[in-house]
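Me: I am new to this structure and would like to learn how to read it. Could you take me through a few features, one at a time?

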Amino acid sequence: MAGDKGLKKYFWVLFFILPSLLGKLIFTVFPMLTSLGLTMFEWDLLTTPEFVGFENFKYLFTNPTFWQSLLHTLYFIVGYVPIVIVLGFGVALLLNQKIKGRSFSRAAFFTPVISSWVAVSLLWMWIFSPKYGILNYLLGLFSITGPNWLYDTQWAMPAIIITSIWKDIGYIMIMYIAGLQNIPDEYYEAAALDGAGRWQKLIHITFPMLSPTTFFALMISLINSFQVFDQVWIMTQGGPANSTTTLVQQIVMNATRYGRYGYAAAISWILFLIIFGFTVLQNHLQKRWVFYE
Amino acid sequence: MIRKKANLRITRKTILYIMLIISSSTMIMPFVWMISTSLKTTQYTLSIPIQLLPDKVTLEGYKRLFEISSFGRMFSNSFLVAIITTIGQLLISSMAAYAFARIKFRGSDLLFLLYLATMMIPSQVTVTPLFILMRYFGWLDTYQGLIVPGLFRAFGVFLMRQSFLSLPRELEEAAYIDGANRLVIFIRVVLPLSKPVLITQGLMAFMDSWNSYLWPLFVTSKAEMFTLPLGLANLQGQYLTEWNVVMAGTVLSIIPMLCIYIVAQKYLIKGFVTSGLKG
Amino acid sequence: MKKRLSISIVSIVILFTVLLSACQPAASTTIEQETLADTTEEQDIEEEVAEQVTITYATFSANAGHEEDLASLVAEFEATHPNIKVETQIVAFDDYFNKLQTMIAGDVAPDTYELNYENFVSYAEKGLLLDTTVLASNDASSDVGIFYPRALEAFQLDGMQLALPETFSTVVLFYNKDLFDAAGFSYPTADWTWNDVLVAAQAINDPENGVYGFYSPLQFNEFYKKAAQNNCSFFNEDKTETLINSPECVEALQTMSDFVNVYNVMPSEADLGGSSNSDLFLAGKIAMDVTGIWMFSSFADAPFAWDIEIEPGMATHATHFFANGAGISSTSEHPQESWEWIKFITSSPEVANLRVEKGWELPALSDPDYFTAYLEQTPPDNRQAVFDSLNYAIVPPVISRQSEMQDIIGNFLSQVDLGTLTPQEALDQAKVQVDELLK
């Protein structure tokens with residue numbers, strides 16, 4: 001806003017940001033920094049922490065399980081993020097049009113989002129059940145023998161990815177629906193007057209106007225999927241034979257089961273660096289394709 | 001020629017409707033299955049092969065739910081915590097988002113990156129130091145212990161900043177010229193224009209708080225402070241679980257979320273927003 | 001106007017939160033509240049004024065329907081110990097130890113808490129539990145002889161009694177009598193070996209109808225037991241090395257995996273596909289199921305006749321001995337009252353009778369009278385097998401990095417189940433990783 005300078009501007013900055021910032025410093029940053037400090041210790045929570053310097057990091061880089069879990073996490077991201085965003089966008093577009101029953105459909109798509117992972121996993125574990133599940137049954141109708149899905153080292157992660165996409169489409173959908181509301185009708189009307197067809201309207205109006213939302217959806221999906229844990233834990237516990245274990249699962253197991261909180265913190269901070277790197281990259285690239293008014 | 005086009009439109013629409021019906025039904029399938037399992041008898045809740053519809057419809061799952069857990073108490077705890085968290089988050093996050101979106105100050109990008117950074121550490125690791133902090137505040141087994149740490153999520157700030165950034169500036173500038181200060185502009189111009197994102201964020205904040213499990217697990221030990229997810233977890237024994245009871249609890253805990261969503265959806269309609277721009 | 005509105009909203013929210021925190025019962029981060037009890041004034045001037053003490057008790061076995069049972073026990077205890085109040089903290093088993101260790105890290109450990117045997121060892125070794133020997137010797141009414149000796153020993157370390165045994169359970173062979181009758185096969189007996197099981201399983205196995213002869217999962221708990229049945233010891237004398245790839249252990253694992261991969265009389269994890277073996281047993285799809293006695297109540301209404309027998313052996317019998325104990329935190333400020341409580345919850349007649357009556361685990365007491373009622377309940381008829389199993393009971397192999405060892409071995413066992421590794425290969429590789437843990 002033009003005209004705001006100096007002290008007056010900083011007064012307003014403080015006024016608006018302080019509650020959030022202060023709370024964040026106390027309740028988020030402080031615990032984060034504590035965990036950073038603890039990466040140099042070995043701590044089972046039951047006795048006093050023991051200083052070990054960089055041992056945890058040394059162990060991390062030489063531990064094949066860490067690299068496996070990193071690989072699996074990346075596999076999950078590559079399979080999940082693009083598809084969930086594209087599908088979420090498509091559904092939002094579809095359900096933004098004047099179709100009968102769109103309110104019901106929107107609510108239907110949102111139901112998996114608010115369901116707990118326990119219920120969703122139970123259902124999908126049945127769907128993927130090699131012998132009794134409906135998926136292999138349907139495949140059988142087309143003379144295809146379905147794989148053992150969650151019990152097959154090759155197919156377990158795809159199964160988890162499919163389940164995750166299914167659950168989160170509604171989440172992306174409502175973000176895009178909110179974004180679509182912000183596009184004034186006039187833009188479309190003007191374009192129509194200029195002779196623009198449906199496809200052109202999509203590319204020249206909808207996409208650019210939604211780019212902040214897409215940026216947001218991409219960022220959030222990326223940050224969240226690097227930390228994927230709940231569904232993997234419930235559906236396969238990282239199995240079969242460690243083929244689906246993720247970084248956060250390693251963190252949780254080391255912190256809670258193995259009594260190695262320091263090592264778990266070390267993994268967390270390496271993960272942090274990876275996510276941070278990706279985010280900075282994405283932030284930088286946004287200047288190229290994200291369009292703000 | 002016109003007839004062909006019309007036919008094409010009809011087939012396209014029919015395909016669309018069919019896809020919609022199929023996808024919507026798969027989406028609500030877990031909910032349907034949850035309801036149906038909650039109405040089954042204790043014994044054959046997970047029979048082989050899985051039955052979508054109960055053999056015998058009974059309410060014994062629900063009865064038992066209220067017998068073995070203080071469901072009502074946990075429900076109101078969850079509700080209280082979620083409502084206050086949502087309102088608090090909306091206020092705190094929208095204000096911060098406004099500053100990031102509309103005030104150009106030095107270090108704004110860096111500070112925002114810091115905000116994003118706080119989302120990049122898994123909560124399972126920060127929960128231990130946070131617990132010890134709460135212990136020293138004396139906030140264990142209290143409502144403030146349940147609520148306050150969750151008020152400062154960066155997610156809302158991020159979401160709303162994106163939204164504020166894409167609002168046309170004309171209205172705000174006009175108000176500024178009319179002599180309004182930033183707070184007035186925020187309340188009278190920006191917030192009303194942002195109803196969709198506020199509702200979306202409110203929805204997500206409520207949902208996160210409602211389903212939150214790990215933090216309430218650590219910060220509460222007394223049964224009367226438990227929230228719903230804790231209660232649901234306690235329905236599962238070390239070896240045995242009565243799934244119809246668990247599903248009954250799960251169904252009941254989803255209903256408020258669904259209601260809030262249905263109510264919120266009404267306000268996500270287009271006309272509500274653009275009216276401001278036509279002025 | 002709107003400005004005032006939003007400011008008032010903010011103030012209301014803040015006010016509301018403050019009020020709420022003021023209204024709810026005084027939350028204590030310290031473990032006890034000491035208030036002077038108001039007894040009838042005149043007479044008690046010469047007597048000591050009773051000190052009201054509150055102790056906490058954390059448990060994982062009192063959920064899923066047993067909350068009421070625990071509450072009634074607490075009420076009975078408080079009635080006979082008017083100066084002690086017990087606050088229970090019930091946490092689901094999966095998160096129990098996570099929460100417990102976080103509380104200990106935050107210096108708010110419960111006064112008393114439940115532990116299973118596997119976790120007891122590490123808590124004991126780290127000095128987190130109070131030695132109750134002194135408390136017991138000062139207590140005229142305490143008699144450790146009432147405990148089942150095996151259970152009592154399990155919770156000792158270096159001559160210190162660091163917890164009292166609360167309950168025990170074991171794993172037996174369940175069999176579907178109807179399926180046996182249909183195949184014309186005679187029922188399992190106490191001296192069966194796995195070979196006998198194989199023959200029976202092959203006779204009853206009916207792939208067309210989805211019926212399997214047998215099930216015993218390829219996981220850590222089952223493996224160490226089968227290894228013991230074949231006289232294979234898990235570790236060498238001074239626990240510097242594991243011996244799990246020795247011929248006896250490999251043979252034990254081979255026997256287990258052959259059921260799945262060679263003879264096809266047992267479902268693999270993929271075949272189970274998310275259902276549990278108990279569900280399949282209840283549906284009449286498994287003729288012989290090796291699982292715990294805690295399943296008695298679930299199977300009670302099965303639509304077929306069934307019974308149990310001691311788990312078959314190889315060179316010898318070996319059976320599980322799972323035990324839960326109740327210990328006092330070494331940081332508790334009320335050791336005496338805590339002692340009263342753990343005595344009560346582990347050995348009082350009220351507790352023992354309630355447990356048997358409600359099928360809520362078995363008290364670890366040596367007096368056979370408690371179990372008469374238990375033995376009379378049916379099904380199964382052969383409940384005596386539960387106690388006979390105790391003659392062959394073994395404790396799990398425990399090291400300080402227990403969970404890691406369990407997960408490593410579990411990982412390799414599942415590869416055997418999948419068929420991607422042979423038992424020899426799996427155990428050779430597992431040994432390498434487990435030996436690392438022993439360093």
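Here is a short conversation that goes from confidence to contacts, domains and strands.

Me: Where should I begin?

Reply: Begin with how far to trust the coordinates, since this is a predicted model. Chain B has a mean pLDDT of 86, with 91% of its residues at 70 or more.

Me: In chain B, where is confidence lowest and where is it highest?

Reply: The low point is helix α14 (residues 271-277) of chain B, with a mean of 35, and the high point is helix α6 (residues 143-147) of chain B, at 96. Read residues 270-279 of chain B with care: pLDDT stays under 50 there, and the model has 14 contacts beyond four places in sequence for this stretch.

Me: How many residues do chains B and C each bring to their contact?

Reply: Chain B gives 38 residues and chain C gives 39 residues. On the chain B side, α3 (71-102), α5 (123-137), α6, α9 (182-193) and α11 (214-219) each supply at least two residues. By type, that side has 21 nonpolar, 13 polar and four charged residues.

Me: Which domains make up chain C?

Reply: There are two assigned pieces to look for: domain 1 (49-169 + 322-367) and domain 2 (171-320 + 392-438). Their C-alpha centres lie 32 Å apart. Where they touch, ten residues of domain 1 of chain C are in contact with twelve residues of domain 2 of chain C. On the domain 1 side, α4 (117-125) and α6 (149-154) of chain C each give two or more residues, and α4(C) provides the largest share, five residues. That side divides into four nonpolar, three polar and three charged residues.

Me: Now a sheet, please. In what order do the four strands of the open sheet in chain C run?

Reply: The order is β9-β10-β8-β11 (chain C), with mixed pairing. The edges are β9 (212-215) and β11 (306-309) of chain C, each of which pairs on one side only. From one strand to the next, the twist averages 20 degrees. For one pair within this chain, look at β8 (residues 171-176) and β10 (residues 286-292) of chain C, which are antiparallel over five bridges. There, C:Y175 has C:M288 in β10(C) as its bridge partner. Helix α8 (residues 194-204) of chain C lies across β9 and β10 of chain C, at about 145 degrees to β9(C).

Me: How do I read the two faces of a strand?

Reply: In a regular strand the side chains alternate between the two faces of the sheet. Try this on strand β13 (residues 322-328) of chain C.

Me: Why is β13 of chain C described as largely enclosed by the rest of the structure?

Reply: Because seven of its seven residues are buried. On one side you find C:F322, C:N324, C:A326 and C:I328, and on the other C:A323, C:G325 and C:G327, all of them buried.

Me: Which residues stand opposite those of β13(C) in the strands that pair with it?

Reply: Strand β4 (residues 112-116) of chain C joins β13(C) through five bridges, running antiparallel, and C:T112 has C:I328 as its bridge partner. Strand β7 (residues 164-169) of chain C also pairs with β13(C) in the antiparallel sense over five bridges, with C:F168 opposite C:A323.

Me: Is helix α8 of chain A covered or hardly covered?

Reply: Helix α8 (residues 185-193) of chain A is hardly covered, as the count of buried residues among its nine residues is zero. Just after α8(A), look for A:G195, which takes a positive phi of about 90 degrees.

Definitions and conventions: Residues numbered from 1 in each chain as written. Chains lettered and ligands numbered in written order. Predicted model: local features only at pLDDT ≥ 70, side-chain atom pairs only at ≥ 80, totals over all residues. pLDDT = per-residue confidence, 0-100. Contact = placed C-beta atoms within 7 Å. Nonpolar A, V, L, I, M, F, W, Y, C, P; charged D, E, K, R; others polar. Buried ≥ 20, exposed ≤ 12 C-beta atoms within 10 Å, placed from the backbone. Domains from an automatic or database assignment. Pairing = 2+ DSSP bridges. Axes fitted to C-alpha atoms, helices over the stretch in contact; angles between N-to-C directions.
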